[in-house]
Amino acid sequence: MSATLAKGISAFKEVIDAPIASFFSSCVHCGLCAEACLFYTETSEAKYTPIHKLEPLRRIWKQEYTLLGMLGKMLGLSKPVTDAELAEWEPLVYDSCTLCGRCSMVCPVGNDITYMIRKMREGMAASGHAPEDMIAATTRAINIGSPMGVKWPAVQAQIRHVQADTGIDVPVEREGADYLVVMSSMEIINFPEYLSALSRIFKQAGVSWTLAQDAFEATNSGIQIGASDLAREIVSRIVVAAERLKVKCVISPECGHAFTALRWEGPNLMGRPYGFEVKHILEVLDELQKAGKLKTSGKDKRPLTYHDPCQIARRGGVVEQPRRLLSEIAADFREMSDAGVMNWCCGGGGGVSAITRAEPLRLQAFKIKKRQIEATGVQTLITACANCRIVLEEGIEHNHMKVEVIGLTELLAQYLVEESTP
Amino acid sequence: MSHLDLLTFARGSALNWALMLFVAGIGLRLFEILGLGRKADLARPRTITPGSGWRTIAMRSLPAEGMLKRDPVTYIGGYVFHFGLLVTIFFFAPHIEFFRSITSLVWPGLPTALIDASVVAAIVALGVLLAHRLNNPVKRMLSGIGDYVAWGATLLPLLTGYLAYHHLLTEYTLMLALHLFSIELLLVLLPFTKLFHTFSLFISRWYNGDWFASKGVAS
Amino acid sequence: MKHAQQPDILPGTVGEGLAQRGITRREFLQLCTTLTALLALPPSMASAMAEAISKARRQSVIWLSFQECTGCTESITRSHSPTLENLIFDLISLDYHHTLQAASAEAAEHARAAAMKDNNGKYLLIVDGSIPMGNPGFSTIAGISNHDMLMETAQGAAAIVAVGTCASYGGIPKADPNPTGAVSVGDIVKNKPIINVPGCPPIPVVMTGVLAHFLTFGGIPELDAQGRPKSFYGETIHDRCYRRPFYDQGKFAQSFDDEAARKGWCLFKLGCKGPVTYNACATTKWNDGTSFPVQSGHGCIGCSEANFWDAGPLYEALSMPVSVTPSMLGAAAVAGAAAGAAITWHNRSTKAAAKAAHKKVTVQDLTREEK
């Protein structure tokens with residue numbers, strides 16, 4: 001078994017549906033999607049035009065699914081899609097697309113270009129034209145359980161730390177809990193504050209929750225690389241655990257694509273609707289606050305701004321919640337330009353942060369974020385995605401900026417009113 | 001063959017065939033697209049907003065936040081061209097008679113001076129957009145022969161209509177016949193080129209709006 | 001006919017005829033002024049024209065009528081300036097004309113033969129009506145087919161004036177399905193200068209004006225691509241129509257008796273073919289400048305254009321399709337849908353095959369062997 005061109009082309013044929021046919025039919029080559037894409041705006045290289053990244057998929061659609069294209073193919077007038085071409089397209093489809101969805105918001109004819117890139121990656125992966133780093137991450141996710149190679153003992157170590165620091169008991173494998181908490185490996189390794197903050201908040205709010213031993217990892221390399229079969233395997237771990245523990249809701253962590261994987265793609269990958277809800281942590285916190293269960297005192301005096309993670313805001317619909325939460329704890333909140341559903345990506349979403357060779361490009365694309373942050377004049381940047389956070393920190397460090405990046409949940413926990421433990 | 005004979009042919013058999021190919025082509029393309037189907041979304045939508053596809057069909061006609069400044073030529077040129085074209089097609093009295101004869105629908109027309117101005121505006125916009133296409137690296141890269149054919153096929157009816165009305169280049173009857181032939185060319189090409197966006201953009205925008213809305217975002 | 005000659009008048013000339021009928025030089029000059037205006041010549045040409053015509057011999061004219069309705073003759077009898085009387089008695093010698101000549105039968109044919117013989121190479125041939133080519137018996141005069149009579153008479157003519165749309169382009173006899181195989185003069189006579197004066201009927205002053213031009217200059221006027229004198233057929237009815245401002249303002253009559261029609265708004269929507277009809281109706285008008293069809297409330301039917309009868313419905317706007325039907329479009333839609341259904345079937349099998357070929361992707365499947 002190995003990847004072949006034939007498998008890739010077959011995958012292309014399999015993913016093409018009515019929306020994709022309509023999108024390709026509608027494109028007038030106006031080039032406006034380029035103006036929405038940070039990889040184009042920050043490099044001025046035409047090849048980063050979003051719709052151009054789909055050229056091989058477009059030709060397969062035309063040759064296989066349109067009368068004119070079929071005639072052209074029969075007469076030998078059309079150019080077949082080759083391995084060489086897909087190899088050339090690999091950096092366009094992966095390195096320079098974070099699936100941020102900005103182009104999909106801008107396209108005058110309404111093309112959801114991001115949807116098509118996600119679908120095209122199925123064929124790229126099947127034909128062996130996915131970046132090595134992403135293949136490695138996916139392999140780890142499948143074989144080890146996490147793209148960063150994190151195993152349960154690492155989580156256990158975290159739990160012990162949290163329990164030692166806060167004195168709060170972190171529930172594990174508690175059947176019948178209301179919420180199942182999952183995390184991203186990034187949070188487990190780089191941002192242990194998340195679990196600690198969550199424990200304290202949930203304790204104060206009296207939320208019944210649990211971790212699952214075999215489903216602690218929320219990220220899903222399968223949807224990033226574009227291998228639905230693998231994405232299904234990964235997401236099913238959480239679904240199975242949630243069903244086993246009979247939770248009412250799974251809380252997607254501060255991670256963008258995990259939310260997309262779990263909330264939007266999951267049921268479609270599983271082929272059935274969930275018997276439980278999926279919420280992003282910010283949605284849960286917002287609900288708790290609205291219910292008066294989340295009490296904070298004092299406000300952060302630092303000027304701060306919020307970076308909307310693409311998959312949380314634009315492709316997730318969580319836009320108002322972080323702002324409501326911040327309004328309670330921030331004295332000087334400053335909105336970034338293009339905030340909300342039109343926010344610019346950090347440059348590392350959609351798996352791009354996992355591709356080593358893409359780093360120079362990613363740092364170049366970061367210039368837009370740099371300008372946005374600088375325009376607000378803040379030195380504190382709040383976000384709600386661990387991947388955004390890492391990418392932002394890298395960009396900030398690379399540009400020698402004096403800006404601190406903090407997760408919103410973590411910031412919130414700092415202002416939590418903690419009643420003495422009984 | 002006299003010019004009137006040519007015009008009669010243009011209004012007769014040629015138009016019949018062009019309209020038939022147009023209608024058949026539209027039908028074919030719609031089947032081609034919609035026939036591929038899409039899987040039902042099994043994810044529970046964030047909000048149930050049945051009108052969201054329609055909303056995007058309307059709202060996508062406006063530039064997204066901050067975009068107008070990024071490429072004013074495309075936006076303004078696009079608006080001027082489409083506005084000029086639509087006004088000319090749908091509000092020139094003789095054109096309304098054409099639509100009346102096919103659809104039995106009637107609506108008021110505009111004075112010819114306004115139509116004349118909108119034709120000129122549309123032609124100028126087309127010229128500007130072509131120059132932009134040739135100069136902008138992104139557009140130039142995206143453009144193939146089909147884009148230039150579509151451009152020409154769109155320009156010709158506007159140009160011949162203008163020339164006929166003003167009795168330029170050739171006498172009126174011949175130019176009117178050429179005007180009809182150019183429209184017939186456009187009708188035949190429309191379903192099979194990017195000009196099909198005339199129809200498919202409604203489908204595309206609808207899908208876009210529907211998806212985004214299920215996630216709680218107005219796109 | 002012999003008359004007393006005045007010293008300054010040459011025998012057999014137009015001047016002689018004028019003098020005999022007691023027409024003063026002033027009156028004649030007025031006539032010439034009218035003619036120069038008609039021919040779009042500078043007014044200063046009037047006296048030169050008067051001079052030229054006075055000295056010219058009365059032009060011998062043979063008028064042949066074929067498949068026609070006599071409408072053209074009816075029309076020319078209503079010529080007001082110059083009047084037909086002016087023409088016949090003063091300017092020309094009308095040697096043969098079925099309707100107007102007193103002679104009949106063999107005498108009439110003798111007159112034609114005599115005129116042809118006496119003025120060989122100099123006489124002007126006027127033709128109204130089309131020529132049937134299907135069967136010579138469809139239309140004959142004195143046992144001679146129209147075709148033979150035309151070819152015979154054309155032989156010695158200086159020029160031919162095809163009067164009316166039938167003679168110019170075949171006209172109504174030629175209209176689909178053209179049962180007689182009607183053709184125009186120009187279709188069969190190739191070796192003579194032909195001036196087409198179309199119209200159904202032509203405007204009287206246009207006919208007389210063309211004759212006057214021939215008499216004055218002895219040649220044919222500048223013609224357009226369809227053989228019509230540019231001075232009369234240079235502009236469309238629409239462009240010179242007094243109702244044109246309403247067209248430009250978008251004010252149209254919707255029916256023949258609506259308020260808009262009574263207000264004199266544009267008749268485009270009622271089928272007026274003015275925009276594609278080249279003729280002088282809107283400027284010279286008819287019946288001594290009284291009116292013309294559009295002025296009397298009816299759209300132009302385009303009668304001075306070749307094949308006007310077959311150029312789409314008379315009462316439908318020029319911008320309407322001639323013959324498209326809902327069933328045509330319905331059939332096209334069905335054909336498109338059928339083709340679309342076939343494509344869809346094909347596409348679905350392509351997609352199903354791709355799906356069937358899909359084997360569950362494992363992590364091993366992400367890498368190519370040669371890598």
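**Asking how we know**

User: In chain C, 45% of the 371 residues count as buried. What makes a residue buried or exposed?

Analyst: The test is a count of neighbours: a residue is buried if 20 or more other C-beta atoms lie within 10 Å of its own, exposed if 12 or fewer, and partly exposed in between, with C-beta atoms placed from the backbone. By that test, 45% of chain C is buried, and in chain A the share is 59% of 422 residues. This is a predicted model, where local features need pLDDT of at least 70, side-chain atom pairs count only at pLDDT 80 or more, and totals for chains, interfaces and linings use all residues. Residues are numbered from 1 along each chain as its sequence is written, while chains are lettered from A and ligands numbered from 1 in the order in which they are written.

User: How do you know how confident the prediction is for chain A?

Analyst: We look at pLDDT, the predictor's confidence in each residue, from 0 to 100. Chain A averages 95, and 99% of its residues score at least 70. Among its elements, helix α2 (residues 18-26) of chain A has the highest mean, 98, and helix α12 (residues 185-189) of chain A the lowest, 85. The model as a whole scores ipTM 0.96 and pTM 0.91.

User: And what is the mean pLDDT of chain C?

Analyst: It is 89, with 95% of the residues of chain C reaching 70 or more. Residues 1-7 of chain C are below 50, and beyond near neighbours in sequence this stretch has 3 contacts in the model. Where pLDDT is low, the predicted coordinates should not be read in detail.

User: What makes a run of residues a helix or a strand?

Analyst: Helices (H or I, at least four residues) and strands (E, at least two) are DSSP runs, numbered from the N terminus. Counted that way, chain A has 21 helices and 8 strands.

User: Why is chain A called as compact as a globular protein of its length?

Analyst: The yardstick is the radius of gyration over C-alpha atoms, set against the globule rule of 2.2 Å times the number of residues to the power 0.38. For 422 residues the rule gives 22 Å, and chain A has 22 Å, so chain A is as compact as a globular protein of that length. Its C-alpha atoms fill a box of roughly 80 × 50 × 35 Å along the principal axes.

User: What does the same yardstick give for chain C?

Analyst: A compact globule of 371 residues would be near 21 Å, but chain C has 30 Å. The C-alpha trace of chain C spans about 125 × 50 × 50 Å along its principal axes. Chain C holds 17 helices and 9 strands.

User: How do you know that two strands in chain C pair?

Analyst: Two strands pair if DSSP finds at least two bridges between them. Strand β7 (residues 157-163) of chain C and β9(C) are joined by 4 bridges and run parallel, which means they pass the test. Within that pair, C:Val163 stands opposite C:Val197 in β9(C).

User: Which way do the residues of strand β9 (residues 194-197) of chain C point?

Analyst: C:Ile194 and C:Asn196 point one way, C:Ile195 and C:Val197 the other way, and all are buried. That fits a general pattern: in a regular strand the side chains alternate between the two faces of the sheet.

User: What makes two residues count as in contact?

Analyst: Their C-beta atoms, placed from the backbone, must lie within 7 Å. On that basis, 21 residues of chain A touch 19 residues of chain C. The largest share of chain A's side, 5 residues, comes from α10(A). By class, this side has 11 nonpolar, 6 polar and 4 charged residues. Here Ala, Val, Leu, Ile, Met, Phe, Trp, Tyr, Cys and Pro count as nonpolar, Asp, Glu, Lys and Arg as charged, and the others, Gly among them, as polar.

User: How many residues does the contact between chain A and chain B take from each?

Analyst: It takes 47 from chain A and 47 from chain B. On chain A's side, α2(A) gives the most, with 7 residues, and the classes come to 25 nonpolar, 14 polar and 8 charged.

User: Which domains does chain A have?

Analyst: The bounds come from an automatic or database domain assignment, which gives domain 1 (3-130), domain 2 (140-289) and domain 3 (295-414). The C-alpha centres of domain 1 and domain 3 of chain A lie 30 Å apart, and their contact takes 15 residues from domain 1 and 21 from domain 3.
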